[in-house]
Each structure stands twice: as C-alpha cells, then as structure tokens.
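Hi everyone, thanks for coming. Let me put the structure up on the screen, and then I'll walk you through a few parts of it.

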Amino acid sequence: MKKTFSLFLAISTITLSSFAKSNQGDPTYDWFKKTTEVIQFQLNKAAQTYKPGKNPRSVNPNGTVRLAGLTDWTTGFFPGSLWYGYELTGDKKLAEEAKKFTLALDSIRNIKNTHDVGFMLYCSYGNAYRITKEEIYLPVLKDGAANLYARFNPKIGVIRSWDFPWWHYPVIIDNMMNLEYLYWGAKQFNKPEYTNAADTHALTTMKNHYRKDFSSYHVVDYDPATGKVLRKATHQGLTDESAWARGQAWGLYGYTVCYEKSKNPKFLQQAENIAKFIMNNPRTPKDKVPVWDYDVHNALETDDLAPRDASAAAVIASALLELSTQVKDGQKYVDYAETILKSLSSDAYLAKADENHYFLLKHSVGAFLYNSEIDTPLDYADYYYLEALKRYAEIKKIEL
C-alpha cells in the first residue's frame, strides 16, 4: 500500500508540473495559479501550527482561533482540506499531514448521536481512502456508515439529525449532505439498505422541506410515532419562512449527489429547480456571494449591512460544477460557479499568505441568530472552496 501511495504522489506531482508548463503565458488561469500558491502556503503553515485532533474551525471575535475537537461536527473538514490541497498542488507534505490529521479522528467511529458523522468522517477518511486506497481507513468508515444508517427511521422515511430533547424527531436540510456517505458505504460494504435509506430520505425531504419556489425550510420536526409533520422552522435562518443561504446550498449539493448516485430523474429535477432559485434570486449580490439569508431585507442596499457567507458560496459553486456534468446544458452552471470562484479568489475574500490564521477564505457566517461565527473564516468554507476548485480544474481540463 505504501508503494502504491508513493507512486500516486509521484504521478500527481508530474501531472501538476505538466499543467504548469502547458499553461505558461496563458493569462486565463492566472487567478487559479495565484490561488493555488496561497493554498499551498496556508495549508502547510496551518498543518505546522495546529495539532491533530484539535483542528482549526474559525476565529473568535477576540482574535483567537476556535478549535474543533473530536465531537465537533466540523472536525473532518481540515483533514479533508489538506487532502484537497494536496490534489491541487501536488505537495507531498500536505498528503503526509493530511494522513496525520485524519487518523487522529479514529474515535469518531463510536459516535452515534448525530447525523454529522458524514461531515466528520466522509470528508476526512473518505477523501483519504479515495486518494490513497489504503485499507487502513476502511474500518472507521465502515463503523461510521453503520452508525449513520442506524439513525434512519423507515416509518418516517428520514434520518434523524439531532437528539436534542426539545425536538420530537428533527430533520435539518444539512442532512442531505451526509447521504453521499451512505451511497458510498452501500457500494463499498455491500449494504443495499444504505442506498434505500438515502433515496427515501431524499424523497421525504423533497416532499416536506421545500416550498413552491424551491426554497427550503431549515428544520422539519416529525412525530416519531406517526411520521406526521409537527412543525417547519429554523435554527439558523432569519425566520421560519426565510431562505437561509447555506441551507439552500446544502439542498442543491445534496440532490445533485442523489441524482449522480441513483439516476432518479426526480432528484435531478429538484437540483435544477433549487439551482434556479439560487441563480435567479434578485437579492444575490453581483459577485454571486450571497448574504447569510436571502430574505435579509437590506441585502442589496449596501454590502456593509448584511454579512456575506462565503461558505454558502463555496458549497453552491461545488454543487453547480458537479451538476453541470449531469446535464446536457451544463455550461450555465459552470459559468455561474466560475464567477463565484473568481470572487472568492479575489482579494475581497481570499486571505493573503501568512494572514487569517492560515485559513483560506474570509467573510463567512456560522450562526447569525446566536451571534456565533459572524464575518469569520470557517473550516467548511475552505473545504468546499477547495473541492470546487478541484472540480473546476477537472472540467476545464487543468491537470492536477
């Protein structure tokens, strides 16, 4: 396995070098080259600064870094970012650090009280196995997938998100992001029931989470005995009826994945309808980086009044690039995503080397209603930004 991984590293470095030579003098990708240089520097510095098991999550108002421990839902994003950083730059040191930070999350395999094990394990261990094919990562992935599947209730037709006692059976739109883990686990571990759970969850969510304009509620609370919808609400957005920006991004990404994995045309239609809501939204700023909720009334009055959410933009870009590969007329999705990526790669959002506590992006919003992580770097903003850049490079045939 070590020899296979070393060969992979060598080949990847060669292809990156080939790309650099083939694109010398072409100004079209100057922004991409500049961006990958910042990425390589920042991720290497971050790996030297932070300790495995205590991953950088965001920056507190007092300037200190908020760290993500083993039970934090975001803890898998930094190792995943290191893996994507390696793929984008060919830097072998990033791959070595990615492995260290990934293996430090081993005990997450025992967590059973949240759907977030998808974020926690599939973004770290999942990328590790995808890239290296080292079987050392499989036992943890197997246990995590089983724990995620155990949260599926066939009577209601959804995977429970939280175990908080003040909800009956809450399901958040974020849950759509973790279905990819189940689809992958079904194939990898020969568990067809995982596929059924993912498909059923997506269909139930489509029925109960979405409004006529294809915007999404954040939380739907079900009666665990009957499956009846008890309440449609928010835990993140401006109001129960508003369109929380990252929630719309989660749904777009999730249904794109569901179609790619299942080929159910209902999921493709849903993804395209959500894309229309996002791309045609009159409150979207010119740079395509949304404010934290699409229904913030002052969103277009001035950039200063409504905080932007670079994390939502990064998820949207990554989802649209994937969606573009699933349809015949995907160029409009590539173009929109390219605008987002160029905005995020500009000085307005991309940190300068050696700044921003070694995070990549500035100006994200975690939970505005709780005055938490407002206008700050976020680890998942960086992760989906890197994923989007990788997908963009693949579509544009930029060798990595």
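Let's begin with L369: is this residue buried or exposed? It falls in the class between those two words, because its relative accessible area is 41%, which makes L369 partly exposed. Before I go on, please keep in mind that this is a predicted model. As for where L369 sits, look at the loop between β8, residues 364-367, and β9, residues 372-376. Together with F368 and Y370, L369 makes a nonpolar patch of about 280 Å² on the surface.

Now, over to a sheet. Strands of a sheet can pair in a parallel or an antiparallel way, through backbone hydrogen bonds. Here we have an open sheet of 3 strands in the order β5-β6-β7, and the pairing is antiparallel. β5 and β7 are the edge strands, each pairing on one side only. On average, neighbouring strands in this sheet are turned by 20° against each other, if you ignore direction.

Let me take the two pairings one at a time. β5 covers residues 170-172, and its antiparallel pairing with β6 runs over 3 bridges. If you want to find that on your screen, P170 has D221 in β6 as its bridge partner, and V171 stands opposite V220 in β6. On the other side, β6 pairs with β7, residues 229-233, over 4 bridges, again in the antiparallel sense. There, Y222 has V229 of β7 as its bridge partner. The hairpin of β6 and β7 has 6 residues between the strands, and for those of you who like backbone torsions, G227 in this hairpin takes a positive phi near 85°.

What about the faces of β6, residues 219-222? Both are covered: V219 and D221 are buried on one side, and V220 and Y222 are buried on the other. While we are here, have a look at helix α8, residues 192-209, which lies across β5, β6 and β7 and runs at about 105° to β6.

Next, the charges. How many salt bridges does the structure hold? The count is 23, and I have picked out a few for you.

One of them joins the side chains of R109 and D143, at 2.8 Å from N to O. R109 is in the loop between α4 (92-103) and α5 (117-132), while D143 is in helix α6, residues 138-149, so this pair ties together parts that are 34 residues apart in sequence. D143 is partly exposed, as its relative accessible area is 29%.

Helix α13, residues 379-395, gives us a contrast in sequence distance: E387 and R391 both lie in it, 4 residues apart, or about one turn of the helix. Their side chains meet in a salt bridge at 3.7 Å, N to O, and both E387 and R391 are buried.

E394 and K390 form another salt bridge, with the closest N and O atoms 2.6 Å apart. Why are these two about one helical turn from each other? Because they are 4 residues apart in helix α13. K390 is buried, with a relative accessible area of 12%, whereas E394 is partly exposed at 46%.

Finally, there is a network of salt bridges, and its members are R57, R66, D72 and E373.

That's my tour, and I'm happy to go back to any part of it. Thanks for listening!

Conventions
Residues numbered from 1 in each chain as written. Predicted model: local features only at pLDDT ≥ 70, side-chain atom pairs only at ≥ 80, totals over all residues. Heavy atoms only, no water. Patch = residues over 30% accessible without salt bridge, like charges linked within 9 Å, V, L, I, M, F, W, Y side chains within 5 Å. Areas by Shrake-Rupley, 256 points an atom, 1.4 Å probe, with all protein chains shown as cover. Salt bridge = Lys/Arg side-chain N within 4 Å of Asp/Glu carboxyl O. Buried < 20%, exposed > 50% of the residue type's maximum accessible area, 1.4 Å probe, protein only. Pairing = 2+ DSSP bridges. Axes fitted to C-alpha atoms, helices over the stretch in contact; angles between N-to-C directions. Contact = heavy atoms within 4.5 Å.
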